[in-house]
Amino acid sequence: MIQININRLLLTLWLATTSFIAFAESPAWNNAVNKPPTNWQGPTFKLSDQYPTEMPAACTDVTCPWLNIDLFSESKGVDFSDSSIPDWSKEPKYKDYITSILDYIKQGQTRDLNNDQGLIVDVDGQTRWFHIPWMAYAKETGREFVHGLTNERTAHLSDFYGVGGPSDGEGRGFETWAVGMYNDIGAYTIGQSFDKNGQPILETVNGITSTKGMPFKEGTVVVKFLFSSVTPTDVEYLKGSPKWQANRHKETSDNYDKCSRTIQDVHLVQVDVAVVDSRSPTRWVYGTYAYINNGGTTVWDNLQPVGLQWGMDPWTFPAVPKSESITARQSVLNKSIEKYEHFGCEDRLAGPVDNKLSSCLSCHAGAFANVDDTNPQMGVTIPPIFGFDGLCNQYSQENVNYFQTTQFPQAYSGGNYPNLLNLDTSLQMQIAVQQHAMFAANMPRECEDK
Ligand code: HEC
């Protein structure tokens with residue numbers, strides 16, 4: 001009897017150790033591209049990857065108050081009368097919706113979002129926020145060790161001041177570094193999607209193959225904090241914006257050395273939010289905040305809502321010819337912001353450091369991947385999320401596809417990318433699946449020799 005129990009114990013221990021080793025060894029779970037130097041005393045990013053293995057409790061009126069706001073009554077986008085055009089200045093519900101999401105996000109965070117504490121993942125004794133695996137694998141753009149930021153689109157002063165404002169000569173521009181987090185309901189899907197080695201787990205439901213756990217369930221909240229190398233000296237309304245350290249690309253006299261990193265400052269410029277809301281024609285509502293100092297006492301008070309988007313406005317140019325175009329009604333924009341703010345294509349929503357010819361959901365609708373694609377090429381093997389010649393400028397098939405309102409499990413519009421995994425608008429999941437493919441095929445990584 002005793003003997004059997006000991007054997008069982010040994011077996012359990014052996015299994016626990018082997019699974020632990022496998023878990024720890026896969027680069028899927030790396031915190032950052034580089035380890036901090038041994039004398040590093042500053043904050044250090046830790047990947048939050050203990051995803052819930054059971055579906056967390058569903059949303060209630062108290063935990064997801066936005067789901068009680070009737071956002072879509074006029075404007076779901078199927079009514080073409082002008083009375084269906086949402087107006088931020090007339091209807092408080094738009095601001096209420098995005099404010100209730102930000103209220104949820106700021107629970108348990110510091111008032112000043114200081115560098116030392118960064119973003120806190122535990123709220124009320126429970127892990128609220130989780131990160132996507134594999135984002136520390138790409139050496140050029142992958143997570144840095146201070147706050148887990150990844151490198152994104154380079155912005156210019158024209159993004160902050162408009163055309164005709166101060167110019168940075170469109171020289172090297174300002175790098176964007178950002179970190180995204182999913183709440184527990186979103187993290188449940190992430191946890192289902194990968195095994196302990198970080199290999200995507202696929203599942204076919206009703207003939208549609210995706211990673212297991214897809215789509216994200218209602219109650220999912222995603223937030224992304226975007227920082228820029230721009231300073232409050234360059235852009236005065238960033239005064240008081242959180243200043244974080246980041247192990248980011250070395251600046252050279254006229255550009256960035258993308259294979260060398262060093263600790264430099266960045267400032268918060270934009271906060272993106274996204275929630276699953278089954279009433280939406282895309283099943284998602286995306287929204288964004290700009291940091292614009294208006295004398296608020298906390299950082300959160302200086303975040304000004306820019307707008308919300310729940311569809312791609314397929315009846316608005318360039319998804320239709322100009323002569324047939326109607327005013328966008330699947331985005332609602334806060335046009336009362338006193339500082340310059342660029343929006344997206346034809347009054348669809350985009351954020352301060354986003355491409356103004358695109359829009360949140362048009363880009364995110366391209367979140368598709370192939371588990372075996374070791375050389376993902378936009379416009380060839382995966383949808384052209386970052387655009388193409390003529391983006392937003394002319395009525396064309398590419399623009400028609402780019403600005404279609406779709407939802408999981410529909411394929412990417414236009415039929416050009418059949419048989420890809422639909423990752424339900426998550427571009428971080430796309431990166432994870434792609435990085436895994438490159439790792440599994442032992443592909444050389446960029447900057448490998450540095
Ligand atoms: C031109 C493309 C593009 C546009 C426009 C864009 N994003 Fe993203 N977004 C990305 C990419 C690429 C990622 C993944 C990279 C990362 O997070 O580091 C991402 C990540 C995110 C994430 C983290 C979760 C996820 O889906 O990967 C959120 C939330 C998000 N974006 C919200 C927004 C919002 C809100 C807007 C509009 C205000 C917006 N995005 C506009 C490309 C875009």
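In this predicted model, the shell around the ligand draws on several parts of the fold: strand 3 (150–155), strand 7 (221–228), strand 9 (256–276), strand 10 (284–291), helix 5 (360–364) and helix 7 (427–440) each supply at least two of its residues. The ligand is surrounded by 26 residues, and those that come nearest are Glu 152, Cys 360, Cys 363, His 364 and Gln 428. Sorted by class, the shell contains 12 nonpolar, 10 polar and 4 charged residues.

A good place to look more closely is His 364, which sits in helix 5. Its NE2 atom is the only protein donor of the iron atom of the ligand, at 2.1 Å. A polar side-chain atom of His 364 also lies 2.8 Å from a nitrogen atom of the ligand. Two further residues offer polar atoms to ligand oxygens. In Thr 150, an N or O atom of the side chain is 2.8 Å from an oxygen atom of the ligand. In Leu 427, by contrast, the backbone provides the N or O atom, which lies 3.1 Å from a ligand oxygen.

Helix 7, one of the elements supplying residues to the shell, can be checked with simple arithmetic. With 1.5 Å a residue, its 14 residues should span 20 Å, and the C-alpha atoms at its ends are indeed 20 Å apart, so expectation and model agree. The helix is mostly covered, as 10 of its 14 residues are buried. Among these buried residues are Leu 427 and Gln 428, together with Met 429, Ala 432, Val 433 and His 436. The cover over the buried residues includes strand 4 (174–182), helix 4 (184–193), strand 6, helix 5, strand 13 (368–369) and strand 14.

Just past this helix, the backbone does something worth noticing. Asn 442 is found in the segment after helix 7, and its phi is positive, near 55 degrees, in a residue other than glycine. Asn 442 counts as exposed because its relative accessibility is 67%, and the cut-off for that label is over 50%. Trp 134 also has a positive phi, of about 70 degrees, although it is not a glycine. This tryptophan is placed in the loop between strand 2 (126–127) and strand 3. Its relative accessibility is 0%, so Trp 134 counts as buried.

Two prolines add further backbone detail. The peptide bond from Met 214 to Pro 215 is cis, with omega near 0 degrees, and Pro 215 belongs to the loop between strand 6 (208–211) and strand 7. Phe 408 and Pro 409 are likewise joined by a cis peptide bond, with omega about 5 degrees. Pro 409 is located in the loop between helix 6 (397–402) and strand 14 (421–422).

Finally, Thr 110 shows how the chain can bring together residues from separate parts of the sequence. It lies in the loop between helix 2 (92–106) and strand 1 (122–123). With 12% relative accessibility, below the 20% cut-off, Thr 110 counts as buried. In sequence, 188 residues separate Thr 110 from Thr 298, yet their C-alpha atoms are 9.0 Å apart in space. Beyond its neighbours within four places in sequence, Thr 110 is in contact with Gln 117, Ile 120 and Trp 300. Its side chain also reaches the backbone nitrogen of Asn 114, at 3.5 Å.

Conventions
Residues numbered from 1 in each chain as written. Predicted model: local features only at pLDDT ≥ 70, side-chain atom pairs only at ≥ 80, totals over all residues. Heavy atoms only, no water. Near = heavy atom within 4 Å. Polar contact = N/O pair within 3.5 Å; in protein donor to acceptor, adjacent residues only side chain to side chain. Helix = DSSP H or I, 4+ residues; strand = E, 2+ residues; numbered from the N terminus. Nonpolar A, V, L, I, M, F, W, Y, C, P; charged D, E, K, R; others polar. Buried < 20%, exposed > 50% of the residue type's maximum accessible area, 1.4 Å probe, protein only. Donors = N, O, S within 2.8 Å, 3.2 Å for Na, K, Ca; no water. Expected span 1.5 Å × (residues − 1). Contact = heavy atoms within 4.5 Å.
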